Amino acid sequence: MSSPTPQPTSAARHDHVFVLQKVQPALLGLMDGSVSTLAPIFATAGLTGKPIDAFFVGLAASLGAGISMGLAEALSDDGKVSGRGTPITRGLITGLATIVGGMLHTLPFLLPDLRTALTLAYLVVIIELLAIAGIRWKYMRSPLGQTIFQVIVGGAVVFAVGVWLGRLGAAG
């Protein structure tokens, strides 16, 4: 006879629900905001050479992505079957995290000097990607080295596309 499967403790269940309903939507938003806004911001900086132009493109991309991701998460399911929580809460968490993820590396473009803005934005992007990897490691229990590699490579590819398109457009 096999022994019964142990039931999770209430603390373990609470942690699982917290990760499923709060951390996962926030992580989804941070990842999307951090990565999806890189190409337009850095392409604009390369095309125009004006930090303020890159700022407004980053602002528009961050807000647009936040609204889109928030709606997509809220409309993806009602949470009853999946246990993922209320659609409004998940949508708000995802949307706000997307905006934050996009705006963190957009804010340096308020500086008038393009070189300084770019240098600071590069640094912020690295910090963002490492923070995302740390959150994945802590809450999703992903192996730290693997998650850092995945997040950094993914971010680097999108970043490279933005820089490449900015240089391509500026040369044309």
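1. The buried residues of α5 pack against α1, α2, α3, α4 and α6, where buried is taken as under 20% relative accessible area, exposed as over 50% and partly exposed as in between, with a 1.4 Å probe and protein chains only. The buried residues in question are Ala 117, Leu 118, Ala 121, Val 124, Val 125, Glu 128, Leu 129, Ile 132, Ala 133 and Arg 136. For the 27 residues of α5, a rise of 1.5 Å a residue gives a span of 39 Å, and the end C-alpha atoms are 37 Å apart, which agrees; the expected span of a helix is defined as 1.5 Å times one less than its number of residues.

2. A reader new to the entry should keep in mind that this is a predicted model, in which local features need pLDDT of at least 70 and side-chain atom pairs count only at pLDDT 80 or more, while totals for chains, interfaces and linings use all residues. Residues are numbered from 1 along each chain as its sequence is written, and side-chain values use heavy atoms, with hydrogens and water left out.

3. As to the overall fold, the chain has six helices and zero strands, and its pattern along the sequence reads α-α-α-α-α-α. Helices here are DSSP runs of H or I with at least four residues, strands are runs of E with at least two, and both are numbered from the N terminus. Taken along the principal axes, the C-alpha atoms fill a box of roughly 75 × 35 × 25 Å.

4. Of the 172 residues of the chain, 35% count as buried. Among contacts with a separation of 6 or more, 69% join residues 24 or more positions apart, a contact being heavy atoms within 4.5 Å.

5. The surface and the charges can be taken together. The chain exposes about 9800 Å², of which carbon and sulfur atoms supply 72%; these accessible areas come from the Shrake-Rupley method with a 1.4 Å probe. There are 11 positive and 8 negative side chains, and the centres of the two sets lie 5 Å apart. In that count Lys and Arg are positive and Asp and Glu negative, with His and the chain ends not counted, and each charge is placed at NZ of Lys, CZ of Arg, CG of Asp or CD of Glu.

6. Helix α4 covers residues 87–104, and its 18 residues should span 26 Å at 1.5 Å a residue, in agreement with end C-alpha atoms that are 26 Å apart. Its buried residues are Arg 90, Gly 91, Thr 94, Gly 95, Ala 97, Thr 98, Gly 101, Gly 102 and Met 103, and what covers them includes α1 (10–36), α2 (38–48), α3 (51–76) and α5 (114–140). When reading such a list, it may help that an α-helix has 3.6 residues a turn, so residues three or four places apart point the same way. Leu 96 is also found in helix α4, but this residue is exposed, with a relative accessible area of 54%. Leu 96 and Leu 30 are 66 residues apart in sequence, and their C-alpha atoms are 8.6 Å apart in space.

7. The structure holds four aromatic pairs, a pair being two rings of Phe, Tyr or Trp (its six-membered ring) whose centres lie within 6.5 Å, with planes under 30 degrees apart called stacked, over 60 edge-to-face and the rest tilted. One of the pairs is Phe 42 with Phe 109, which is edge-to-face, at 5.9 Å centre to centre and 75° between the planes. Phe 42 lies in helix α2 and Phe 109 in the loop between α4 and α5, so the pair ties together parts that are 67 residues apart in sequence. Both Phe 42 and Phe 109 are buried, and ring pairs link Phe 42, Phe 109 and Tyr 122 into a cluster.

8. Phe 42 appears again beside helix α6 (residues 144–171), where Gly 162 has its place, since Gly 162 is in contact with Ala 39, Phe 42 and Ala 43 once neighbours within four places in sequence are left aside. Gly 162 counts as buried, at 0% relative accessibility. Its C-alpha atom is separated by 8.6 Å from that of Gly 46, 116 residues away along the chain.

9. The loop between α5 and α6 deserves a separate look. Arg 141 lies in this loop and takes a positive phi of about 55° just after α5, in a residue other than glycine. Arg 141 is exposed, with a relative accessible area of 71%, whereas Ser 142, in the loop between α5 and α6, is buried at 14%. Leaving aside neighbours within four places in sequence, Ser 142 is in contact with Arg 136, Trp 137 and Thr 147.
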